Amino acid sequence: MNKNIHTLPQLPYAYDALEPYISKEIMELHHDKHHAGYVKNLNEALEKFSELFGKSAEELLMNLNTVPEAIRMAVRNNAGGHVNHSMFWEIMKPGGGGEPTGALLEEIKKTFGSFEEFQNTFNEAGAKRFGSGWVWLVRTHSTGSGQAKLEILSTANQDNPMSDGHYPIMGNDVWEHAYYLQYKNVRPDYLKAWWNVVNWQEVEKRFNKT
Ligand code: MN3
């Protein structure tokens, strides 16, 4: 019996809404096949572990060491894929782009020097990620004397920064499935174009939550 604890969220816009920057074909496959697959595989992994049914995908990722070893890798990959893509659709929108405002812009400037420097560093980290993964802007976990701060990092596969205690404010998917049909092997072109669809209002909401 499939418990369907976790469900695929609807795209908040039409499949072709992010054109010309991200094609309709990419969005259809990315949402309906890839993201749907993570949700399906997560539900299947959890099927025999009813003690985990009440936990959100985020809670699972933040406490991977408490997930039974038999399904830990499946949960890491598929809860990761689910959480990462659920965020990804929300932080994009048609007619997006430009710059953030207010406290987020101030902190970006303080941390990276300028908005352009921030974008360059983010793009570089995304371009350098070998194989599949994500590039993130996170609020780091504060430890002892170390204060939480903004940082750009990249993760492999579907690993989410939450598993290391960092809060992901925004992230871009650099798996080939995110761009290959349109940008072929030229990941840096995709990384540059992606800024045109960033939904800064949503990113600011996430920034203000942390
Ligand atoms: Mn993806």
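**Close-up views of the manganese site and the aromatic residues**

His 85 and Asp 173 are both buried. They appear here in a predicted model, and the views below start with these two residues.

**View 1. The manganese ion and its protein donors.** Four residues supply the donors: His 30, His 85 and His 177, each through NE2, and Asp 173 through OD. They lie 1.9 to 2.1 Å from the manganese ion. Along the chain, the donors follow the spacing H-x54-H-x87-D-x3-H.

**View 2. His 85 and Asp 173 in their secondary structure elements.** His 85 sits in helix H3, residues 69-90. Asp 173 belongs to strand E3, residues 167-173. The pair therefore ties together parts that are 88 residues apart in sequence. Both residues are buried.

**View 3. The tilted pair of Phe 112 and Phe 118.** The model holds 17 aromatic pairs. In the one formed by Phe 112 and Phe 118, the rings lie 5.3 Å centre to centre. Their planes are 45 degrees apart, and the pair is tilted. Phe 112 is buried, as is Phe 118.

**View 4. The edge-to-face pair of Trp 194 and Trp 195.** These two rings are 5.5 Å apart, centre to centre. The angle between the planes is 65 degrees. Trp 194 and Trp 195 are both buried.

**View 5. One aromatic cluster.** Its phenylalanines are Phe 88, Phe 112, Phe 115, Phe 118 and Phe 122. Its tryptophans are Trp 89, Trp 134, Trp 136, Trp 194, Trp 195 and Trp 200. The residues of View 3, Phe 112 and Phe 118, belong to this cluster. So do Trp 194 and Trp 195 of View 4.

Methods
Residues are numbered from 1 along each chain as its sequence is written. This is a predicted model: local features need pLDDT of at least 70, side-chain atom pairs count only at pLDDT 80 or more; totals for chains, interfaces and linings use all residues. Side-chain values use heavy atoms; hydrogens and water are left out. Donors are N, O and S atoms within 2.8 Å of the metal (3.2 Å for Na, K and Ca); water is not among the atoms, so sites may look incomplete. Helices (H or I, at least four residues) and strands (E, at least two) are DSSP runs, numbered from the N terminus. Buried means under 20% relative accessible area, exposed over 50%, partly exposed in between (1.4 Å probe, protein chains only). Rings of Phe, Tyr and Trp (its six-membered ring) pair if their centres lie within 6.5 Å; planes under 30 degrees apart count as stacked, over 60 as edge-to-face and the rest as tilted.
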